[in-house]
Structure formats: structure tokens, C-alpha cells
Amino acid sequence: MTASKTAYRTVTRQIEVRVRPTFLPERSSPENSYFFWAYTITLTNLGRETVQLKPRHWRITDANGRLQEVKGAGVVGEEPVLKPGEHYEYTSGVPLPTPSGFMVGTYGMVTEAGEPFDIDIPAFSLDCSHAARTIN
């Protein structure tokens, strides 16, 4: 696994989202235009109210400008509840047909009182060592 040196961060309504992407050469096949990244996301509740993550909405763009949108319930099959001061971490993955791209998105959250709101997932870069080469 290629270690990631960059962490991306944003805070919306006192919920911090940190992302650490990592290129996985062992799961990639550049000769077949298949590049795979893992990304680890840590959500931290910096506020005073308990919240729950409900839907997610990702916008994934490859180096050719092709956009893929992914919407669904929760993350990795869970809808975590975060009390004040708590954090939740998960790792997922994404393949691209190009050696670089980026992801950005939102999580739909809901307070204990039932108030829905969205939080931002920071835009993060997906780059690998093959990005400098021309892949046909």
C-alpha cells in the first residue's frame, strides 16, 4: 500500500470530516486502465448535539472529466450516531479508469431532535505514480 501524505479536512456545523486517500497499486491494473484507491474518513463531532449520519452523496470525477454520482444510505452499511466529542472512522474504496481524479461530496445528518442538515466532505485528490505517464 502506498502511504498517503495528505489529509483533507472540513468542518460544517461543528462536524469535522477528515479524508486520507491512498493509492493501492496491488489492486490496480494500469495496463487495463484500472486504478484503485482506498480512502479513510474520520468524522468527529465537535459540537454539543448528538447527530446521526444518514445518506451520502459523492461526485467522483476522473482525469477525462467524466463525472459519476453515488448516492445511498449511510456508509459501509452503517448509519453511525456521534455523541458530542465522539468520532467514527471507516475505509472504503474507489476505482477510476484514469491515473488521477478527485472526489467531493456531502453527508446528510440528522440531530436527535430530527432536524436534517448536510455537511461537506472536502474535495480530495486521487493521484498515483502513473499520472505522469500517458495511458492509452
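What share of the contacts in the protein with a separation of 6 or more comes from residues 24 or more positions apart? The figure is 62%. That is a helpful way into this structure, which is a predicted model.

**The overall picture**

Welcome to a protein built without helices: there are zero of them, alongside nine strands. Read from the N terminus, the order of elements is β-β-β-β-β-β-β-β-β. The protein has 136 residues, and 46% of them count as buried. On the outside, about 7400 Å² is exposed, with carbon and sulfur atoms supplying 47% of that area.

**The nonpolar core**

Inside, the largest nonpolar core brings together 28 residues. Tyr-39, Ile-41, Leu-43, Trp-58 and Tyr-107 have the most contacts within this core. Strands β2, β3, β4, β7, β8 and β9 each give two or more residues to the core.

**Two residues to visit**

Let us look at two buried residues in turn, starting with a small table.

| Residue | Strand | Relative accessibility |
|---|---|---|
| His-57 | β4 | 19% |
| Ile-119 | β9 | 0% |

His-57 sits in strand β4, which spans residues 51–62. Its relative accessibility is 19%, and buried means under 20%, so His-57 counts as buried. The side chain of His-57 makes a polar contact of 2.5 Å with the side chain of Glu-69. Leaving aside residues up to four places away in sequence, His-57 touches Glu-69, Val-70 and Lys-71, and also Val-104, Gly-105 and Thr-106.

Ile-119 belongs to strand β9, and that strand covers residues 116–127. With 0% relative accessibility, Ile-119 is buried because the value falls under the 20% limit. Which residues does Ile-119 touch, not counting those up to four places away in sequence? They are Thr-12, Ile-15, Val-17, Leu-43, Gly-105, Thr-106, Tyr-107 and Met-109. Tyr-107 is 12 residues from Ile-119 in sequence, and their C-alpha atoms are 5.4 Å apart in space. Gly-105 and Thr-106 appear among the neighbours of Ile-119, and they are also among those of His-57.

**A cavity**

How many cavities of 30 Å³ or more does a search of the whole structure find? The search turns up one. The largest cavity holds about 30 Å³ of space. Its lining is made up of Arg-13, Gln-14, Ile-15, Asn-45, Gly-47, Arg-48, Glu-49, Val-51 and Phe-117. Ile-15 is one of these lining residues, and Ile-15 is also touched by Ile-119.

Technical notes: Residues are numbered from 1 along each chain as its sequence is written. This is a predicted model: local features need pLDDT of at least 70, side-chain atom pairs count only at pLDDT 80 or more; totals for chains, interfaces and linings use all residues. Side-chain values use heavy atoms; hydrogens and water are left out. Helices (H or I, at least four residues) and strands (E, at least two) are DSSP runs, numbered from the N terminus. Buried means under 20% relative accessible area, exposed over 50%, partly exposed in between (1.4 Å probe, protein chains only). Contact means heavy atoms within 4.5 Å. Accessible areas come from the Shrake-Rupley method with a 1.4 Å probe; for residues, only the protein chains shown count as cover. A polar contact is a pair of N or O atoms within 3.5 Å; within protein, one must be able to donate a hydrogen and the other to accept it, and residues adjacent in sequence count only if both atoms are side-chain atoms. A nonpolar core is a set of buried Ala, Val, Leu, Ile, Met, Phe, Trp, Tyr and Cys residues joined through side-chain atoms within 4.5 Å. On a 1 Å grid over the protein atoms alone, a cavity is a set of points where a 1.4 Å probe fits but cannot get out, and a pocket is an open set with protein on both sides within 12 Å along at least five of seven lines; lining residues have an atom within 4 Å of a point. Grid points are joined across faces, edges and corners, and a volume is the space filled by probe spheres set on the points.
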